[in-house]
Amino acid sequence: MIALMAMSAPTTLVHLAGVDLAIIAIYFALVLGIGFYLKKFAKTGEDFFLAGREMTAWVAGLAFVSANLGSLELLGWAGNAYQYGIMAGHWYWVGAIPAMVFLGTVMMPFYYISRTHSVPGYLKLRYGTEASALSAVTFAFMTILMSGVNMYAMAVVMEVVLGWNLHFSIIVSSLTVGVYVAAGGLFSAIFNEVLQFFLIWFGALLIPILGMIETGGWSGMVARIHQNFPGQDFTHMWGPMSSFDKNPMGVHWIAIVFGLGAVQSMGYWTTDFLVVQRVLSAKDVRSAKLAPIIGSFFKMAVPLIVILPGLLGRAVLPYHLVPGNQAQPGQFKYDDVLPLMLARYCGPGLMGLGITALVAGFMAGMAGNVSAFATVWTYDIYRPYLRKDAPDSHYVSMGRWSTMIGLFVSIGTAYLVQYNKSMMDYVQALFGFFIAPLFGTVVLGMLWKRVSRMAGFWGLLAGVSSSITIFLLMKFDERWVRVFALSPLAQPLAQAMWQALWSCVTCVAVTVFVTLVTKPRPDEELKGLVYALTEVPKEENTSWLHRPVVWGVAALVIFVVLQIIFW
Amino acid sequence: MSEKHHIIPVWFFVGFLLLVYGVLILVSGLVGWSHPPAGVELTNLHAPVWWGALLIVLGLIYCLKYCPKRES
């Protein structure tokens, strides 16, 4: 295995010593051991797909935030921080914190009390089979494609950074994930996400600590950036947003607040089943409400290990990084900044820990995708449409098989992407097509009891259709960028925010219109599903320190203070 | 963490991993004390030594607090 790993690419960013390989090997052994240990506990459907619904708020909250903290996320956003500066932090703050608090305080009680096992499952209860089937089929399809794309992208990263053989990375990591998820189901996935959370923090936190020591603190770092890149502003979040031409992203604050904060982020954090599934594993309603709020505090801190290393790269690296598509041999890309900073400060041992954190992030991301896929496939496609009345053990078995089959399809997708690289852009865009309108459909359904069955379906379909149309128009004819993103300067990240905003507006408008011309569902059918007809457990007898809303407000206050500090 | 199943808490596994990694990193830091690796900055701070020690302390705390025998 070591020999296969060492079939190196010509040049690598970092080199591993024996102790580093030992650290990586121990991680693989432990996750497999945990998977086999947990197998005996994953006997029923609720155990396998929802980890027995017995996780504490802390475990569910850390798994919730970890499911999103994959390696590509870390490498990509550190690269974005190098490219765009601290503005990239918007994706961690306005692009996450309000949505997490909203999920915990407003939406989670409905997901939890309805006893649904998935987001398409909630749509089935609220709207019936049409909206649910559309959501389930697209989610299952996209999750597997995304898993394959991530698998390939990470194997490329491992090849470039470590010189590991591409096939080795894909096969060994996916088989490991397949074995431990098929064995322990969501139990395994959640356990490993919590492990990954600690690995990522302890593997990456030394970079900002040592970087700050080297540069003499925040002001020293800013001075060095100004010295290295005179006339450019990389250290303010909102100041450069007053107009499209004052920032390298070509984005206006309206897009950040309404496109990213109110739609993209709400859509991802409240309706993407991959993350919501972690919270559904909580042991009671209060834990389910608290989990995303606990996650929000850690999410607020993630820029320390992602954005700050990107900024430090601007300050201390003796050469300039370039965009990925312009890198010549011997040049480094924006996305290389995190491994480069790791190599700058970490010798043997610490390097192994940092690389294990990346590997763990990759595998946890894959496990998140396949465990969510197995649940939606089994409960939202196989059970309602293919085999309705099988015993519970049959569905657990189907969950195990679909985990392995899903992984093999992902491996196939990874190799498909290898031969058709443009497919990667399209698959990554796929999620954007569905998430923003889905948020409109779910939140309207939760908060307005009048919304009818067909309004949910047609609103979702219209939102998805408009999203795809806007994406294609902007991709193939740049004149449309000015129309939808309000400026020809808008870069792909800014275009995606406007695309999300317009598609959600379309979804809401069509849903409201169809609702007004169709018959509402009787109140009796909506009990436990909508705001006006659900008895959410009161918290008068809970001490204020244990009330989710108190911590939600605390998270929002810290979030606002951070915006002011880095304005 | 587990009321129905009596599963070993995930925190124990976290502690075990931190403890083992702490020992490996501390030892590698001590071995390289007088011969720091080439190309690494700030080696005079001996980060692997104190980072390894920190992992050992945290790992021990988690292992002792969530040890399966103590739980039962």
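Guide: By definition, a helix is expected to span 1.5 Å times one less than its number of residues. This model is predicted, and the expected span can be applied to helix 9 of chain A.

Visitor: How do you know that helix 9 of chain A is not a straight helix?

Guide: Helix 9 has 39 residues, and a straight helix of that count would span 57 Å. Its end C-alpha atoms are only 24 Å apart. Set against the rule of 1.5 Å times one less than the residue count, the value falls short, so helix 9 is not straight.

Visitor: Where does helix 9 of chain A bend, and by how much?

Guide: The bend is at Gly184(A) and comes to about 125°. That figure is the angle between axes fitted to the seven residues ending at a residue and the seven starting there.

Visitor: What makes helix 9 of chain A count as largely enclosed by the rest of the structure?

Guide: Of its 39 residues, 31 are buried, so helix 9 is largely enclosed.

Visitor: How does the span of helix 14 of chain A compare with what is expected?

Guide: Helix 14 covers residues 285-301, which is 17 residues. From its first C-alpha to its last it reaches 26 Å, close to the expected 24 Å.

Visitor: Why is Ala291(A) called buried?

Guide: A residue is buried if 20 or more other C-beta atoms lie within 10 Å of its own. Ala291(A) has 31 such neighbours, so it counts as buried. This residue lies in helix 14 of chain A, where the buried residues also include Leu290(A), Pro292(A) and Ile293(A).

Visitor: What covers the buried residues of helix 14?

Guide: The cover includes helix 4 (57-66), helix 6 (97-113), helix 13 (273-280) and helix 23 (548-565) of chain A. For Ala291(A) itself, leaving aside neighbours within four places in sequence, the contacts are Ala57(A), Ala60(A), Gly61(A), Phe64(A), Val279(A) and Ala282(A). Asp233(A), 58 residues from Ala291(A) along the chain, has its C-alpha atom 36 Å away.

Visitor: Is Asn165(A) buried or exposed, and how do you know?

Guide: Asn165(A) has 20 other C-beta atoms within 10 Å. The cut-off is 20 or more, so Asn165(A) meets it and is buried. Asn165(A) is in the loop between helix 8 (129-162) and helix 9 of chain A. Its C-alpha atom is 8.0 Å from that of Ala155(A), 10 residues apart along the chain.

Visitor: Why is Arg115(A) called partly exposed?

Guide: Arg115(A) has 14 C-beta neighbours inside 10 Å. Exposed would need 12 or fewer and buried 20 or more, so Arg115(A) falls in between. Arg115(A) is in the loop between helix 6 and helix 7 (119-127) of chain A, and its phi is positive, about 60°, although it is not a glycine.

Visitor: Which class does His46(B) fall in, and what makes it so?

Guide: His46(B) has 16 C-beta neighbours inside 10 Å, so it counts as partly exposed. His46(B) is found in the loop between helix 1 (10-31) and helix 2 (47-65) of chain B. Its phi is near 50°, a positive value in a residue other than glycine.

Visitor: Why is chain A called as compact as a globular protein of that length?

Guide: The globule rule gives 24 Å for 567 residues, and the radius of gyration of chain A is 23 Å; the two are close, so the description holds. Along its principal axes the C-alpha trace spans about 65 × 55 × 55 Å. Chain A has 23 helices and 0 strands, and buried residues make up 58% of it.

Visitor: How many helices and strands are there in chain B?

Guide: Chain B has 3 helices and 0 strands. Of its 72 residues, 35% are buried.

Visitor: Which residues have the most contacts inside the largest nonpolar core?

Guide: They are Ala81(A), Ile190(A), Val194(A) and Leu311(A), in a core of 221 residues. Helix 17 (residues 350-386) of chain A gives the most to this core, 21 residues. Beyond four places in sequence, Ala81(A) is in contact with Ile86(A), Ala88(A), Val306(A), Ile307(A), Gly310(A) and Leu311(A).

Visitor: How many residues does the contact take from chain A and from chain B?

Guide: Chain A gives 29 residues and chain B gives 28. Helix 2 of chain A gives the most to the side of chain A that touches chain B, with 6 residues. By class, that side has 22 nonpolar, 4 polar and 3 charged residues.

Notes. Residues numbered from 1 in each chain as written. Chains lettered and ligands numbered in written order. Predicted model: local features only at pLDDT ≥ 70, side-chain atom pairs only at ≥ 80, totals over all residues. Helix = DSSP H or I, 4+ residues; strand = E, 2+ residues; numbered from the N terminus. Contact = placed C-beta atoms within 7 Å. Core = buried A, V, L, I, M, F, W, Y, C linked by C-beta atoms within 7 Å. Nonpolar A, V, L, I, M, F, W, Y, C, P; charged D, E, K, R; others polar. Rg over C-alpha atoms; globule rule 2.2 N^0.38 Å.
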